[in-house]
Amino acid sequence: VGAKNGEVVSLSRLGEKDDVILVTDTGRTIRFKSHDIPLHGRGGLGVKLMELREGESISSAAIIGEEQE
């Protein structure tokens with residue numbers, strides 16, 4: 001966490017078949033499969049999951065499990 005990376009918005013354990021939904025403070029939404037998120041080791045700096053516009057931030061993150069669909 002720092003100026004280069006930004007703040008952690010959410011941290012959750014995901015299953016292989018789960019989906020992730022991210023919502024910004026401007027209402028933009030993205031949904032993707034958890035298996036599409038690259039894995040990093042302990043020394044990794046994180047993964048960018050959504051391109052944000054100037055001044056925009058993630059306001060919510062949700063995990064949708066296979067049984068919830």
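**Exercise 1.** In this predicted model, find which residue of E2 is the bridge partner of Ile21.

*Solution.* Start with the two strands: E1 covers residues 19–24 and pairs with E2 in the antiparallel sense, over five bridges. Now look across from Ile21 into E2, and you land on Arg31, its bridge partner.

**Exercise 2.** Work out the strand order of the open sheet, and say why one side of E2 and of E3 has no neighbour in the sheet.

*Solution.* Line up the three strands and you get E2-E1-E3, with antiparallel pairing. E2 (29–33) and E3 (58–64) sit at the edges with a single partner strand each, so one side of each is left without a neighbour in the sheet. Neighbouring strands here are turned by 15 degrees against each other on average, ignoring direction.

**Exercise 3.** Decide whether Thr24 is buried or exposed, then explore its surroundings.

*Solution.* First, place it: Thr24 belongs to strand E1. Next, check the cut-off: buried means under 20% relative accessible area. Thr24 has 2% relative accessibility, so it counts as buried. Then look around: leaving aside neighbours within four places in sequence, Thr24 touches Met50, Leu52, Glu56, Ser57, Ile58 and Ser59. Take Ser59: it's 35 residues away in sequence, yet the C-alpha atoms are 5.0 Å apart. Finally, the side chains of Thr24 and Thr26 make a polar contact at 2.9 Å.

**Exercise 4.** List the members of the largest nonpolar core, and pick out contacts of Ile37.

*Solution.* The six residues are Val20, Leu22, Phe32, Ile37, Met50 and Ile58. Now zoom in on Ile37: beyond its neighbours within four places in sequence, its contacts are Leu14, Val20, Phe32, Val47 and Leu49.

Conventions. Residues are numbered from 1 along each chain as its sequence is written. This is a predicted model: local features need pLDDT of at least 70, side-chain atom pairs count only at pLDDT 80 or more; totals for chains, interfaces and linings use all residues. Side-chain values use heavy atoms; hydrogens and water are left out. A nonpolar core is a set of buried Ala, Val, Leu, Ile, Met, Phe, Trp, Tyr and Cys residues joined through side-chain atoms within 4.5 Å. Buried means under 20% relative accessible area, exposed over 50%, partly exposed in between (1.4 Å probe, protein chains only). Contact means heavy atoms within 4.5 Å. Two strands pair if DSSP finds at least two bridges between them. Helices (H or I, at least four residues) and strands (E, at least two) are DSSP runs, numbered from the N terminus. Axes are lines fitted to C-alpha atoms, for helices over the stretch in contact, and angles run from 0 to 180 degrees between N-to-C directions. A polar contact is a pair of N or O atoms within 3.5 Å; within protein, one must be able to donate a hydrogen and the other to accept it, and residues adjacent in sequence count only if both atoms are side-chain atoms.
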